[in-house]
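Colleague: Before we start, please explain each term as you use it.
Modeller: Agreed; here is the entry we will discuss.

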Amino acid sequence: MIPAAFEYHAPTSIIEASALLARLGEDAKILSGGQSLIPLMKLRLANPHHLVDINGIPGLSFIREAEGFLRIGALTRESDLEESELIRTRYPLIHDTSQVIADPVVRNLATIGGNLAHADPANDHPAAMLAAGAEIVAAGRGGERRLPIESFFTGPFATALKADEILTEIRVPVPTARSAGAYLKVERKVGDFATAAVAVQITLAANDLCSRIGIGLTNVGLTPIKAGKAEGALRGQRLDDKAIKEAARLAADAAQPAADLRGPVEYKKDLVRVLTVRALHRALERAARAR
Ligand SMILES: Cc1cc2nc3c(=O)[nH]c(=O)nc-3n(C[C@H](O)[C@H](O)[C@H](O)COP(=O)(O)OP(=O)(O)OC[C@H]3O[C@@H](n4cnc5c(N)ncnc54)[C@H](O)[C@@H]3O)c2cc1C
């Protein structure tokens, strides 16, 4: 299938791109990896008259630790995350996530910035970033601003980005000792979106109590869900079987899935319960080893 005609723009700076976005308004869309936008255009579900391709803007693809954060440039491809030694050894939650997104061909093009900005509740990075307590960096004509991830997703396929803003960077707090995460996803077949998935990030204090906890849920609501009550039940507690079981029950309660080809509501909620238990156990094992 062929998309409707559009005009192609290739800015070489953020300033140029945001000026274009401001001038073209709702008629324009940013193009990153094109792995969500182009299929939608081919299906004529999106018909932007202008594409603002940001791939020619230098300095938007990087993975590094600086100023207390893991900083990931918006144009970083999923395959870069998957292959990064830093991500594999220090950020298992993000590594798990990048490995289960789509298939290797899609991952060579798809960007982390596009994955978050698209705000598809079925996308995997949003829940992982909710669990990790990330910040989004956005740049536009008004300069740069940092948004907490909790306030970034405002609805299905909707974010707090302004019309002239570009998501430029994702910042994840550098883990302290005995911190780790895990992302577990059930999909009908390899490459599919999640039937349900659960992201967990924990920190254990010296006395083995849980000093920090983040839990995010994928594709069980209109937006990615932060399972706040489940987190509250674990914060300051020993992560024993009883506490984990109760948190998993609360996470399943927080899920608001719709019945579809991937399964009925009860099945998806129970999947969240089971995946929460398993993700917490995996994160615990990893945190006990993490320096
Ligand atoms: C077959 C297939 C299977 C897939 N399976 C999965 C999966 O299992 N899990 C998953 O998470 N994803 C999956 N995806 C989606 C894929 O990961 C997408 O590429 C990703 O969600 C969007 O990233 P992109 O760089 O391709 O963005 P694009 O398609 O280029 O853009 C997507 C949207 O985000 C906007 N946008 C892009 N970059 C920015 C930016 N920097 N600032 C502001 N707005 C921006 C665009 O204007 C557009 O509206 C799949 C895709 C395909 C084709």
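Modeller: Domain bounds come from an automatic or database domain assignment. For the chain, that assignment gives domain 1 (7-53), domain 2 (63-173) and domain 3 (181-289). This is a predicted model, in which local features need pLDDT of at least 70 and side-chain atom pairs count only at pLDDT 80 or more, while totals for chains, interfaces and linings use all residues. Residues are numbered from 1 along each chain as its sequence is written.

Colleague: How do you know that the radius of gyration agrees with a compact globule?
Modeller: The radius is taken over C-alpha atoms, and the globule rule is 2.2 Å times the number of residues to the power 0.38. With 291 residues the rule gives a value near 19 Å, and the chain has 19 Å, so the two agree. Along its principal axes the C-alpha trace spans about 60 × 45 × 30 Å.

Colleague: How far apart are the centres of domain 1 and domain 3?
Modeller: Their C-alpha centres lie 35 Å apart.

Colleague: What makes a residue part of the shell around the ligand?
Modeller: Its C-beta atom, placed from the backbone, must lie within 6 Å of the ligand. There are 28 such residues, and the closest are Gly33, Gln35, Ala110, Gly114 and Ala117. Two or more residues each come from strand E2 (28-31), helix H2 (37-42), helix H7 (112-118) and strand E10 (166-173). Helices (H or I, at least four residues) and strands (E, at least two) are DSSP runs, numbered from the N terminus. H7 gives the most, with five residues.

Colleague: Why is the ligand said to lie between domain 1 and domain 2?
Modeller: Domain 1 (7-53) and domain 2 (63-173) both give residues to the shell, so the ligand lies between them.

Colleague: Why is arginine 141 called partly exposed?
Modeller: A residue is buried if 20 or more other C-beta atoms lie within 10 Å of its own, exposed if 12 or fewer, and partly exposed in between. Arginine 141 has 13 C-beta neighbours inside 10 Å, so it counts as partly exposed. As for the chain, buried residues make up 47% of the 291 residues.

Colleague: Where is arginine 141, and which residues does it contact?
Modeller: Arginine 141 is found in the loop between strand E6 (135-140) and strand E7 (143-148). Two residues are in contact if their C-beta atoms, placed from the backbone, lie within 7 Å. Leaving aside neighbours within four places in sequence, arginine 141 is in contact with Ser18, Ala19, Ala22 and Asp164.
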